[in-house]
Structures are given as structure tokens and as C-alpha cells.
Amino acid sequence: RMFHDDELEESEKFYVGQPRVLLLIYALYNTLVARSEMVCYFVIILNHMISASMITLVLPILIFLWAMLSVPRPSKRFWMTAIVYTEVAIVIKYFFQFGFFPWNKHVDYTKDKPYHPPNIIGIEKKEGYVHYDLVQLLALFFHRSILKCHGLWDEDEKGDSSSNKGDTDDELSLTGGRRDSSASLKSVNLAASVESIHVHFPEQQTAIRRKSSSSISQLSHRSSFSSHRSKREQILDTFKNINHTTLSFYFLQCKLCVIKSHRGLCCFRTLQVYVPIRQFFYNLIHPDYSAVTDVYVLMFLADTVDFIIIVFGFWAFGKHSAAADITSSLSEDQVPEAFLVMVLIQFGTMVVDRALYLKKTVMGKVIFQVILVFGIHFWMFFILPGVTERKFSQNTVAQLWYFVKCVYFGLSAYQIRCGYPTRVLGNFLTKSYNYVNLFLFQGFRLVPFLTELRAVMDWVWTDTTLSLSSWICVEDIYAHIFILKCWRESEKRYPQPRGQKKKKVVKYGMGGMIIVLLICIVWFPLLFMSLIKSVAGITNKPLDVSITITLGGYQPIFTMSAQQNQLKSLDPNEFNEFLKSYSGNTAALQFLEGYAREDITRADLEGNSNSLWTISPPSRKKMIEGLRDLKADFTLVISWSIQRTLEEVYPYYIKAPSDSLAKPIKQLLKGCQWENITVSLVKNTSEEWWVLNQLGKRYKTDKKSLELFIFSDKVSPPSLGFLAGYGIMGLYASVVLVIGKFVREFFSGISHSIMFEELPNVDRILKLCTDIFLVRETGELELEEDLYAKLIFLYRSPETMIKWTREKT
């Protein structure tokens, strides 16, 4: 060894010999130290998610538009800004906790109002108002201590002091590529008439090679003879390496400073703020060194997660929709406005992000980042609380969506800072040839319209000479060849010896799974409709049972309804006795097997009509004449009180299915005959009404009343109602037949694709497709046409395809 130390050896042995739990703690602490700035970002975002006020809004915006865009790391000025701002926020919140402020006298009334000014600003009185602010300040000081420990805290100040030692350009040196705009200023003294004005100028954008010591001494010797040069010559020498645009801005600064006016001073202060910001973004868009990377896949996954959150939690983004269900809303042909707006915005941002990625424009990405950061924060913390009428801190789904969007902002800032890749070749799932990539790629292609939309967008925003049909043809060939390549690689990894039969694990594993899948598809509607109501069904008990009787089309003689206490369920003993009464009736027992005790409701209806019988004298006379007619279709007993027996007219057992049509249950009626009731007209001095009584009641036989048993069918849950509503035949037509068509296409027509499927070696074809992508990215459009023509010729010529797909020797 070149270096050996016994103490270090002993220390390493001691460390390795520690328990695994302690080693895990050490590793977690080292991870925390290595990513302490990410801890600060997380705590700041978490504080803003919980507080959701204007005070906590500033730092998250600065994170996404300043800190994460700084190269190579956020400057000391940002961390000092965050620390000071957090301290000031804590003091402001503490000051407004006193009870003498008017808005602190009715805290319970105003604490849940999203647009209450103290709630928006963040100065409302509440318990634990600074807990997260103190945690945030602690995280910032922890990161500050780590930077100090590694000598990175004063790095910017050292760079500034080293650049200010001389007045010439020869002593400037940039050692770290791009520099933060806040640390790239040097001072130059200008003489203006009587006073000396202090003006700042940005450093030159390209790194200057450090001079040798001899040349430096010569320059120092020369500078001793030129100490009496005029101030004008010094300024011109300093401006040599400054771009023209920035130079014009600073000349304007000088002129404004000379003017002794308040307006000139204001403009000067404005330029002092504007120019560093402009220079910061200029350096970001035009970097000296670019470590390109590609995190588009991660950004797309973050957007996809947000899209899923919107679909399954859309009620959190609308008003009065906390108990809504997207499936029930869509089944009723109702599209919630909040759901539609959020989906369109999310999908639109994904399309724009894809376009920027294909065009590789960093400037467009910066502009899109700025617009998106301000727009999302304005929507989530100022518009959404008013739409939902609840604070952002009380909306869990919106908080989750915002947190995922913050992850997207961080990835987007990292993409801007590093720059877009120079070449985009193929799908990210086609980088490796294994089973995972194969199944993920096939699943990606199964998503409706996703493959087509991606192909069209790539064609629109990529420079190419191919037509849309030719582009789609290349994409389809590439996808097909990639799938074949994955299968060929799997055959190489798991070779099958010649002359040996397939193993039972393969046959029963793959074949058995396909058999079970096909059987499930064929019998899916029957199983679904059977299980959806027997296992997951919900009992739908009646709320109101009404009876109305009319004779001969005249005014109804009897109207009665049963509600609430008059609707009773059977207890276990009554239910068992009810079943025993049909012990010898096979049809009735078969019907009762589909119903449980809680599905049966007994309705007790009063025998006295709840309304007076209001009939005109002519109609009454005509009705009496009809009742006295012996040739009528019903039997009756006539007396002056007009009492008659209605035979086999009362159903007694009624089935209430899931639809609105109630039907009598003939299986439970003796001899399939309905029950008998008596109808009597009771007359008072000047009023009269009808009284009905059922003859064969099970309960309350001594009271004039009607008894009715209702059997309620179970209904499917609301989340599956849209599927169960099709019925058995509808499911067979819409599910089984459609899936069967795709399965039939897989098993039939294989002979026509043998020349394109059975390719022993696809490396040459895959390389040809990759070459097309490569020359397209490099701008060789004529070569792209030639390679595409070669690919088409290859698929038109089976003999050439055989030569190209032979195994390599």
C-alpha cells in the first residue's frame, strides 16, 4: 500500500464489527447528510401544504425557480434568504397571535373559511402555528452546518474576492463551469464629474485559461507604468469580454445614476434587480458546459400518477361533490365540470411537455416551468379553495396531487439545469431485451390510442422527410422486431434441447392459465350476475307501500299507505314459521332460497280508507246499479251498506325487483289464487268512507286491516351498477363476444404471418431501424429516405429477409 495507518485500520474494523441496526442508522444518517438540501426542500413544501398561506408560498416558488435551477448547487444567497425569511415569518406569526386583533376574537367561526384574509395571509390564530416553521428552520440550519463543515458555505464569497483583486481581465478565472448569476458580479469604479459611482458588471460567460506566473509578472510590471491611464481607457478594457446586450444595459445604468432625480434612482434599482435575474436565466439557457440527461420518463410517470389521482379523486376538485362517484356520474351521462377541467389541463400539460422534449428547446421548457409553477400555485391555493369551499389544508386529495406535482417540478428543474439529450432513440421500454421490458412494452401498446397519439406527436415535432403513414410503418416494424428480439433472447437464456418434450410445468403453467382464463371469460356474465347480488348485493327495503282500489272506473273507494313503523321485518322465529308453512311446496321453497330474512318486509295497512269517498250522486247511482246487476264479472253481497266480498283480487305477496315494476308472487299463493278481501261503505251523518278487511291474514286477524308481504331483490353496489345494468345478455354481447373476437384473431391467421414471425436473428433489422432513428436525429434526412427504402424493400423480398435473419456464424 502507498499509505498505511494503524488507527484507520482499527477504525475500519471497529465500524465493520458494529451491529447491523447501528450500521443501518449510520447509512441513513450519511444519506441524510448527502441529501440535506432535499430534506430542506421537503420540509418547506410540507410546511406549505399544511399552512397553505401567502407567507409560506414564497419559498416553494423560489425552490423551483431559483434553487433547483442553480448550477452546480444553490448559492449562499438563497440559503440565507430562506433562513432570514423563515425567521421573519415566525416573528410575524407570533406577533399576530395576540387576542387584541379583531380577527382573533371569532376564531371558531372563521377558521374554516378559505377566503378569510388572515387565513390567506397566514396570520390566523391557531394551535401549533409555528411548529412546522421551527422544523423548517432547524432543517435549514442543519444544511448550513453541513455546508460549513465541507467548506462550501463561503465558496461564493471566495470566488468574488478572488475576482476583485485586480482591475484587469488577466486575473479572472472560472474554475467550475457556469457560475450562479448572484455571484458573478464584480465592481468597477467609474469617475463621473465630481463623484465616484459604483457600478456592477457581470463576469464574462466563458472560462479563461489561467496565465502562467511569468506572464503575470510581466503584466504586473507593465501595469506599474500605466497607472496614470485615464478612467475611460480602464472602462473600455473592462468591457472587452462583456456581451453587447448586457453592456448597453449597464451604460444605461451609468447614465441614470448620473441624473440626480428620483425617477432615475428608481429605474436604477429596477435594473439592479432585473439584470441579475435576466443573466441567471440567460446562463441557464446558454450554458458553457451541459451534462445532458433524460428524466422525461420520470416526469411522465409523475404526470400519470397525477392523472390517476384526478380520475379517482375528482370529487376533491369540485363543489358539493364530496360523496360523488365517478362511475355513477358517467353512467348517468353526467360529466362533472371540475373533473373535465382538471383532466383537460393535466392532459394538455403532458402534450406540451412531450412537444418540448421532442424539440429539445430549453428556453421553451424554462418558460413552461415558470408559467406552470405560478399557475399551479395560484390555482391550488387561491382558486381551488373558493371552488370547493374548504381550505387546501383540509383537502387530502388536493394535497397528494400537489405533492406529486412538486416532484414533477423538481424533475423538470433538473432537466432544465442539465439540458435535453441530443438524441431521442425509440421507446424507453426498448432499451433492454428481457421479459419485464417485453410485457411492459406490450402493455403500453394495449392502452387505447396511446401508441397512435405518441406516434403522431413524434411525427409532428420531429424533423423528418417521411410521411405519416411511412412513420407509423417504421414504428410498427420496430415494435414488432423488438418483441421478436425479446423472444429470441429468452430462447438463448432458457434453451430447449432438441428432441425433448415440453415440461409439465410449462404446459400446465401456461396452458392451464389460458384454459382457466378462457373459461372465466365464457362464464363471466353468469358468475358476475350471480355473485354481484348474492355476495356484494345491498338490500333495498321499501320505504312506502300504497294500496288503491277502484270499482268500475269510478272514484277510488280505498286509498291507504304504510310507512315507517307500519313496515316491519320478520324476526327469526317468524321467518322460520313462514318457511315451515311452505314445507311441502317445492316451487315456493325454490323461490324462497333466493331471499334472506332481511329481504322480507311485512306491511300493515289500516282497513279504514284515509280519504273520504267523494263521488257525485249520478255516478253513485250508476255504480249501485252496476253492483245490483247479477251478470257482473265479480260476485258481491248487496245490502244497504253496500257490503260485498271481492274474491281472489288481493296479491298478498309482492316481489319488488331492482326495476320499478312490482309483481305478485304466484309460487307462495295457495293454488296460485289471490286472497279475498271485504269492502264496506261506512256512512256517517254527511260523510262516508270505505273499509277493507283481508280475510286470511297471518297477524292481527281480529282487526280490519290489510297485510302485505314484500320481497325485495338485492341491488348491485353503486360502483358496479353501470356494469350490472347491461344484464346477462348485454354482458355476453359487449364483453364475451368482443374478447372472443380478439382471441380468435390470435389463434387464426398465424400461417399468413410465418415469414414475419419466425425470424431466427433480428439484430440486423433492429440495427437498421435504429440507424433510421439516428440519422433522423443528426439531420441526415436524405440518408433517412434511403434507409427507409431499404427497410421497405427488405419486407417486400422474402429471399432477402431470409438472408438478413440468418444466425451469425
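**Figure 1. A nonpolar patch on the surface of the predicted model.** The patch is formed by I515, I519, V522, W523, L526 and L527. Together these residues have about 560 Å² of accessible area. Two helices, α22 (504-522) and α23 (524-534), each supply at least two residues of the patch. The largest share comes from α22, with 3 residues. One of the patch residues, I515, has its place in helix α22.

**Figure 2. Strand β3 and its antiparallel partner, β4.** Strand β3 covers residues 544-549, and its side chains alternate between two faces. V545, I547 and I549 point to one face and are buried. D544, S546 and T548 point to the other face and are not buried. Strand β4, residues 558-563, runs antiparallel to β3, and 6 bridges join the two strands. In one of these pairings, D544 of β3 has Q563 of β4 as its bridge partner.

**Figure 3. The surroundings of H377 in helix α17.** Helix α17 spans residues 362-388, and H377 lies within this helix. Is H377 buried or exposed? H377 counts as buried because its relative accessibility is 1%, and the cut-off for buried is under 20%. Neighbours within four places in sequence are left aside in the following list of contacts. H377 is in contact with H48, L57, P60, I61 and F64. Its contacts also include F382, Y402 and F409.

**Figure 4. The whole chain, with 32 helices and 12 strands.** The chain has 809 residues, and buried residues make up 38% of them. About 48400 Å² of the chain is exposed, and carbon and sulfur atoms supply 61% of this area. Among contacts with a separation of 6 or more, 71% are between residues 24 or more positions apart.

**Figure 5. Two stretches where pLDDT is under 50.** Across the chain, pLDDT averages 76, and 73% of the residues score at least 70. Over residues 158-233, pLDDT stays under 50. The model has 109 contacts beyond four places in sequence for residues 158-233. Residues 634-645 also have a pLDDT below 50. Beyond near neighbours in sequence, the stretch 634-645 has 30 contacts in the model. Where pLDDT is low, the predicted coordinates should not be read in detail.

Notes
Residues are numbered from 1 along each chain as its sequence is written. This is a predicted model: local features need pLDDT of at least 70, side-chain atom pairs count only at pLDDT 80 or more; totals for chains, interfaces and linings use all residues. Side-chain values use heavy atoms; hydrogens and water are left out. Patches are made of residues with over 30% relative accessible area and no salt bridge: like charges are joined within 9 Å, nonpolar side chains (Val, Leu, Ile, Met, Phe, Trp, Tyr) within 5 Å. Accessible areas come from the Shrake-Rupley method with a 1.4 Å probe; for residues, only the protein chains shown count as cover. A salt bridge is a side-chain nitrogen of Lys or Arg within 4 Å of a carboxyl oxygen of Asp or Glu. Helices (H or I, at least four residues) and strands (E, at least two) are DSSP runs, numbered from the N terminus. Buried means under 20% relative accessible area, exposed over 50%, partly exposed in between (1.4 Å probe, protein chains only). Two strands pair if DSSP finds at least two bridges between them. Contact means heavy atoms within 4.5 Å. pLDDT is the predictor's confidence in each residue, from 0 to 100.
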